[in-house]
Amino acid sequence: MVFSKYKDFVEDGDLVVAWIGRNKLLPLKIEDGQTFHNQYGAFPHSEMIGKRYGQQISSSAKQGFIYLLQPTPELWTLALPHRTQIVYTPDISIIFEKLRIVHGTRVIEAGTGSASMSHALSRTVGPSGKLYSYEYHASRYETALQEFRDHNMLDEINGNTHLTHRDVCKDGFETEGLPLKVDAIFLDLPAPWEAIPHLIKHVNRNGTTRVCCFSPCMEQIQRSASALQVSGWCDIEMLEVSYKQWTARKSRVIRVDDSIDRLKEVKRHRTEGFERRKERQRLEKEFAESAENGEELNDSQVSTPSEPPSKSPTSTEKIHKRIREGDEEYEWSNVARVDSNLKNHTSYLLFAVHLPSQLDNESESTE
Ligand code: SAM
């Protein structure tokens with residue numbers, strides 16, 4: 001898979017993720033002779049080839065810059081062309097942990113959608129694992145198929161991903177008559193409870209199979225939970241990822257005495273300003289009157305010897321100075337703040353487990 005390899009330098013034909021800004025990443029196929037344009041100017045691909053991944057690339061007119069990053073499933077999630085709602089990395093992480101997705105895991109995923117989840121699954125299960133992905137929307141299926149081909153993910157070209165064009169709620173998950181058994185199942189469908197009865201054929205006979213249903217509303221979760229229960233799944237639980245990123249910062253310690261000093265200072269400046277304005281107005285008036293009378297003013301009369309502001313350490317300088325975080329002149333305490341830039345809750349996550357012993361009980365009870 002193209003996203004699981006690392007290399008140092010950008011080559012002709014590489015798929016890169018171009019970092020344009022904090023919230024703007026774009027997929028870019030490097031082709032010698034092509035040029036990428038944005039509001040900061042032109043970026044000829046020929047100038048990108050041979051550059052180190054992560055290096056800053058300036059536009060021809062040096063008006064702006066971008067970074068070329070090596071794609072990973074996490075970056076792809078932020079850069080991919082959206083065809084549907086997608087699953088983001090904070091949810092993907094907890095899903096992988098709960099479904100125990102590791103190298104070698106065999107997984108069913110429906111529907112494929114924009115393939116954000118598919119890329120993460122394919123990378124993590126690796127060459128010894130397998131991803132069976134299903135999509136019933138014809139053009140989304142075609143687009144995903146082409147994308148998987150371009151990213152060397154398809155099993156027919158030595159990848160680990162098998163994509164099927166199918167309505168799984170109606171026709172289930174059977175692939176070419178093979179006895180498909182998996183360790184994990186991920187359902188991101190509008191009506192997962194219609195697909196759940198088909199899953200029982202694909203649970204492991206001698207291992208555990210785990211399922212996750214990703215649904216945006218509680219009514220859907222309730223219907224899926226009931227369907228799972230009826231099909232013999234256990235340990236049913238629901239999680240919601242309420243992701244918050246905390247940043248460590250320094251906050252300036254301001255004591256009561258400091259505040260009082262500052263208030264006094266502000267007041268003194270206001271008064272000084274008021275006095276100076278009054279003095280200037282008096283002079284202007286005098287000047288105008290003298291000019292009317294045809295008199296000339298001497299230097300000492302023009303430049304008023306109004307008192308210069310005192311240079312105490314807590315005067316203008318301290319009031320207007322931009323204080324840098326951590327400036328040793330001041331006292332600081334360490335605090336934690338929330339960074340709100342990351343995507344938070346998108347859906348509820350319903351998990352359940354199917355144990356091998358349950359299969360024995362079920363077959364006994366049907367005998
Ligand atoms: N998990 C995907 C991702 O991270 O990009 C997004 C999935 S999207 C929300 C749901 C997809 O399921 C849609 O593309 C839709 O066409 C597909 N779908 C809905 N019902 C389906 C069904 N019965 N069988 C197969 N695919 C279905």
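A residue is called buried here if 20 or more other C-beta atoms lie within 10 Å of its own, and this is the sense in which the word is used below for a model that is predicted. By that criterion helix H3 (116-125) is mostly covered, since nine of its ten residues are buried, namely Ser116, Met117, Ser118, His119, Ala120, Leu121, Ser122, Arg123 and Val125. The buried residues of H3 pack against helix H1 (73-79), helix H2 (89-99), strand S7 (106-110), S8, S9 and strand S10 (184-187). Just after H3, the residue Gly126 takes a positive phi of about 65°.

Several of the strands that H3 packs against belong to an open sheet of seven strands, whose order is S9-S8-S7-S10-S11-S15-S12 and whose pairing is mixed. At the edges of this sheet stand S9 and strand S12 (234-240), each with a single partner strand, so that one side of each is left without a neighbour in the sheet. On average, and with direction ignored, neighbouring strands here are turned by 15° against each other.

The mixed pairing can be followed in two examples from this sheet. Strand S11 (residues 209-215) and strand S15 (residues 348-354) run antiparallel and are joined by seven bridges, and the bridge partner of Ser215 in S15 is Tyr348. Helix H7 (residues 218-230) packs on the sheet, where it touches S11, S12 and S15, and its direction makes about 5° with that of S15. Strand S8 (residues 130-135) and strand S9 (residues 161-165), by contrast, run parallel and are joined by five bridges, with His165 in S9 as the bridge partner of Glu135. Together with helix H4 (residues 138-150), S8 and S9 make a right-handed β-α-β unit.

Where does the ligand fit into this picture? Of the 22 residues around the ligand, those that come nearest are Gly111, Gly113, Ser116, Tyr136 and His137. The elements that give two or more residues to this shell are H3, S8 and helix H5 (168-171), so the reader meets again H3, the helix with nine of its ten residues buried. Sorted by kind, the residues of the shell divide into eleven nonpolar, seven polar and four charged.

A further sheet is found in the earlier part of the numbering, and this one is an open sheet of four strands in the order S2-S1-S6-S5, with antiparallel pairing. Its edges are formed by strand S2 (24-29) and strand S5 (56-58), each of which has a single partner strand, so one side of each is left without a neighbour in the sheet. Neighbouring strands are turned by 35° against each other on average, direction ignored.

Going across this sheet strand by strand, one finds strand S1 (residues 15-21) paired with S2 in the antiparallel sense over six bridges, and Leu28 in S2 is the bridge partner of Val16. S1 is also joined to S6 by three bridges, again running antiparallel, and here Trp19 has Tyr67 in S6 as its bridge partner. S5 and S6 pair in the antiparallel sense over three bridges as well, with Ile57 standing opposite Ile66 in S6. These two strands form a hairpin with six residues between them, and Lys62 in the turn has a positive phi of about 55°.

In a regular strand the side chains alternate between the two faces of the sheet. Strand S6 (residues 65-69) has a covered face, made of Ile66 and Leu68, and an uncovered one, made of Phe65, Tyr67 and Leu69.

Technical notes: Residues are numbered from 1 along each chain as its sequence is written. This is a predicted model: local features need pLDDT of at least 70, side-chain atom pairs count only at pLDDT 80 or more; totals for chains, interfaces and linings use all residues. Two strands pair if DSSP finds at least two bridges between them. A crossover is right-handed if, with the strands pointing away from the viewer, the path from the first strand over the helix to the second runs clockwise. A residue is near a molecule or strand if its C-beta atom, placed from the backbone, lies within 6 Å of it. Ala, Val, Leu, Ile, Met, Phe, Trp, Tyr, Cys and Pro count as nonpolar, Asp, Glu, Lys and Arg as charged, and the others, Gly among them, as polar. Axes are lines fitted to C-alpha atoms, for helices over the stretch in contact, and angles run from 0 to 180 degrees between N-to-C directions. A residue is buried if 20 or more other C-beta atoms lie within 10 Å of its own, exposed if 12 or fewer, and partly exposed in between; C-beta atoms are placed from the backbone. Two residues are in contact if their C-beta atoms, placed from the backbone, lie within 7 Å.
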